[in-house]
Amino acid sequence: MSSSSPRSAGDAPVPRAGLLRFNNAEDGTARAALHEVCASRAWGERMLARRPYAGADELFAASDAAMAELTADDLAEAMAGHPPIGRPKPGDPASRREQSGMAGASDALKAEMLELNLAYQEKFGHVFLICASGRTGEQMRDAVRLRIGNTPEQEREIVRTELGKINRIRLMTRIAEHGEGDAA
């Protein structure tokens, strides 16, 4: 491990410059960057309060701790920032990238996902949330089929875990994107 590239829990390098810029950014700039990672204001404020971060492990541990502290309302706010699987936010490259497993899905699979998303949303009152990065459309369909049988309490904790995974990926991407830029 070099001193210029701290490593994440997944052993991916984190540009030191990006982390330093995030640590040193004005609160408003850092808050806006954190909101792009997770729509929960409570999560963002906890992350902001724990700055500066010495490295990726510390950043991810803080994210996990902040996620664990979220109330049901905070989780609902975080989920509201995520589009349904199969329908990424228009004009949002991160959303499109995260859901790329559905990009080549057949029309039948897309239609089935729409039906499953609606049934899930009717049961739980929020979108089906899964860390879609690296998953195929079939894997996401199978996950929603399995999870629709959960209790609301079980599903809330699964969603908390999935949001944590998404936040780690987004934090890594956000820091890497700004490794040489002017903002966090």
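Q: A polar contact is a pair of N or O atoms within 3.5 Å, one able to donate a hydrogen and the other to accept it. In this predicted model, which backbone atom lies 3.4 Å from a polar atom of the side chain of Ser40?
A: Ser40 sits in the loop between H2 and H3. The distance of 3.4 Å falls within the 3.5 Å limit for a polar contact. The partner of the Ser40 side chain is the backbone nitrogen of Ala42.

Q: Is Ser40 buried or exposed?
A: Leaving out residues up to four places away in sequence, Ser40 touches Leu70, Asp74, Glu77 and Ala78. Its relative accessibility is 1%, and the limit for burial is under 20%. Ser40 therefore counts as buried.

Q: Which backbone oxygen lies 2.6 Å from a polar atom of the side chain of Lys123?
A: Lys123 belongs to helix H7. Apart from its neighbours within four places in sequence, Lys123 is in contact with Ile148, Gly149 and Asn150. The oxygen at 2.6 Å from its side chain is that of Ile148.

Q: Why does Lys123 count as partly exposed?
A: A residue is buried under 20% relative accessible area and exposed over 50%, so the range in between is partly exposed. Lys123 falls in that range because its relative accessible area is 43%.

Q: What is the C-alpha to C-alpha distance between Lys123 and Pro152?
A: Along the sequence, Lys123 and Pro152 are 29 residues apart. In space, their C-alpha atoms are separated by 8.4 Å.

Q: How many residues does the largest nonpolar core have?
A: Trp43, Met47, Leu59, Ile85, Leu163 and Leu171 have the most contacts inside this core. Among the elements that give two or more residues to the core are helix H1 (16–24), helix H3 (41–49) and helix H7 (107–124). Nonpolar side chains tend to be buried together in soluble globular proteins. The number of residues in this core is 44.

Q: Which helices each supply at least two residues of the lining of the second largest cavity?
A: The structure holds two cavities of 30 Å³ or more. The lining of the second largest includes Ala33, Leu34 and Val37, as well as Leu171, Arg174 and Ile175. Residues 33, 34 and 37 fall in the span 27–37, and residues 171, 174 and 175 in the span 152–177. The helices are H2 and H9.

Q: How many charged residues are in the lining of the second largest cavity?
A: About 40 Å³ of space lies in this cavity. Its lining has seven nonpolar residues and no polar ones. Arg counts as charged, and Arg174 is among the lining residues. The number of charged residues is one.

Methods: Residues numbered from 1 in each chain as written. Predicted model: local features only at pLDDT ≥ 70, side-chain atom pairs only at ≥ 80, totals over all residues. Heavy atoms only, no water. 1 Å grid on protein atoms, 1.4 Å probe; cavity = no way out; pocket = protein on both sides within 12 Å on 5 of 7 lines; lining within 4 Å. Points joined across faces, edges and corners; volume = space filled by probe spheres on them. Helix = DSSP H or I, 4+ residues; strand = E, 2+ residues; numbered from the N terminus. Core = buried A, V, L, I, M, F, W, Y, C linked by side-chain atoms within 4.5 Å. Buried < 20%, exposed > 50% of the residue type's maximum accessible area, 1.4 Å probe, protein only. Contact = heavy atoms within 4.5 Å.
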